[in-house]
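Please open the model in a viewer and keep the sequence panel beside it. The tour below proceeds by selections, each followed by a description of what is found there.

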Amino acid sequence: MMLVAVLLASCSSPGRKALELSDNMLKTAPERALAILDSIENAGGLNREEQLHLVWNRAMAHQIMGMSLAEDEQLPEAIMHYREEADKQTDSYLLEASYLNWKGKRADAINVLNKGIGKIKDSTKRVKLMAEQARLLELQREYSKAAEVMERALELNPTKRDKAILNYKIGLNLSLAGDPRSEHFYSQSVRMATEDGV
């Protein structure tokens, strides 16, 4: 936390510098990113852009750590603010879906992911949204629907690793739904996982 203190004391825009520092830590050290964000918030003096940046980064850290987003009341505003930024668009749909799910609005969360799948053209990003949609359907015990979503994801030609994971999850959901096709997808996932060390 000494580094944060130095930033806050020496920078002409301490909030922005510390937010940039938290950007760099989100994926690799979300706990440290959260500590930095807490320090910034406690220091106060953020403009609107910096406040929304803080809310976004805190929600991203919470999501990465599997923590609830239900208390992030400013998150919907931050999501709308960043939605049209290409590098944040996919995460905006994932965060909104996660927020709604934590609020007990799972059907709304699934609909948000549908919107994202319809809007985003990049196939890798669409697969990411579809995987999350399937996860939410699994939580509702809608195993056949979850399998259908992941079968559609397979049609987008994902990476070999993602194909193996999707085949396994399709097999699992079909098995839970009592569908005999599960064995085919299990076999596919095992074959892919053993090829080239996937």
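In which loop is the place of Ser68? Select this residue in the predicted model: Ser68 sits in the loop between helix H4 (48–64) and H5. Its relative accessible area is 23%, so Ser68 is partly exposed. Now add Lys103 to the selection and draw a distance between the two C-alpha atoms. Ser68 and Lys103 are separated by 35 residues in sequence, and their C-alpha atoms are 9.1 Å apart in space.

**Stop two: Arg83**

Select Arg83 together with Glu96 and show the side chains. The two residues form a salt bridge in which the closest N and O atoms are 2.9 Å apart. Arg83 belongs to the loop between helix H5 (75–82) and helix H6 (89–102), whereas Glu96 belongs to helix H6, so the pair ties together parts that are 13 residues apart in sequence. Is Arg83 buried or exposed? With 9% relative accessibility, Arg83 counts as buried. Add Tyr93 to the view next. Arg83 lies over the face of Tyr93, at 3.9 Å from the ring centre. Arg83 thus takes part in a salt bridge with Glu96 and also lies over the ring of Tyr93.

**Stop three: helix H8 and the largest pocket**

Move to Glu132 and Arg135. They form a salt bridge, and its closest N and O atoms are 2.9 Å apart. Both residues are in helix H8, three residues apart, so about one helical turn separates them. Glu132 counts as buried at 17% relative accessibility, while Arg135 counts as partly exposed at 36%.

Keep helix H8 on screen and display the pocket surface. The largest pocket has a volume of about 300 Å³. It is lined by 14 residues, and those closest to its centre are Val127, Lys128, Ala131, Asp162 and Lys169. Which helix provides the largest share of the lining of the largest pocket? That share comes from H8, with eight residues. H8 and H10 each supply at least two residues of this lining. Colour the lining by residue class: six residues are nonpolar, one is polar and seven are charged.

**Stop four: two loops with positive phi**

Select Arg141, in the loop between helix H8 (123–139) and helix H9 (143–154). The phi of Arg141 is near 65°, which is positive although the residue is not glycine. Most residues other than glycine have a negative phi. Arg141 has a relative accessible area of 66% and is therefore exposed.

Follow the chain to Asn157, placed in the loop between H9 and helix H10 (160–176). Asn157 is another residue other than glycine with a positive phi, here near 55°. At 57% relative accessibility, Asn157 counts as exposed.

**Stop five: Lys160 and Glu195**

Select Lys160 and Glu195. The closest N and O atoms of this salt bridge are 3.3 Å apart. The pair links distant parts of the chain, with Lys160 in helix H10 and Glu195 in the segment after helix H11 (182–194), 35 residues apart. Both partners fall in the partly exposed class: Lys160 has 35% relative accessibility, and Glu195 has a relative accessible area of 28%. Which residues do salt bridges with shared partners join into one network? Select Glu151, Asp179 and Arg181 to display that network. To see the full set of such contacts, show every salt bridge in the structure; a search of the whole model finds 11.

**Last stop: aromatic pairs**

The same kind of search, applied to rings, finds two aromatic pairs. Select Tyr168 and Tyr186, whose ring centres are 5.7 Å apart and whose planes are at 55°, so this pair is tilted. Tyr168 lies in helix H10 and Tyr186 in helix H11, so the pair ties together parts that are 18 residues apart in sequence. Tyr168 is partly exposed, at a relative accessible area of 43%.

Terms used: Residues are numbered from 1 along each chain as its sequence is written. This is a predicted model: local features need pLDDT of at least 70, side-chain atom pairs count only at pLDDT 80 or more; totals for chains, interfaces and linings use all residues. Side-chain values use heavy atoms; hydrogens and water are left out. Helices (H or I, at least four residues) and strands (E, at least two) are DSSP runs, numbered from the N terminus. Buried means under 20% relative accessible area, exposed over 50%, partly exposed in between (1.4 Å probe, protein chains only). A salt bridge is a side-chain nitrogen of Lys or Arg within 4 Å of a carboxyl oxygen of Asp or Glu. Rings of Phe, Tyr and Trp (its six-membered ring) pair if their centres lie within 6.5 Å; planes under 30 degrees apart count as stacked, over 60 as edge-to-face and the rest as tilted. A charge sits over a ring if NZ of Lys or CZ of Arg is within 6 Å of the ring centre and within 35 degrees of the ring normal. On a 1 Å grid over the protein atoms alone, a cavity is a set of points where a 1.4 Å probe fits but cannot get out, and a pocket is an open set with protein on both sides within 12 Å along at least five of seven lines; lining residues have an atom within 4 Å of a point. Grid points are joined across faces, edges and corners, and a volume is the space filled by probe spheres set on the points. Ala, Val, Leu, Ile, Met, Phe, Trp, Tyr, Cys and Pro count as nonpolar, Asp, Glu, Lys and Arg as charged, and the others, Gly among them, as polar.
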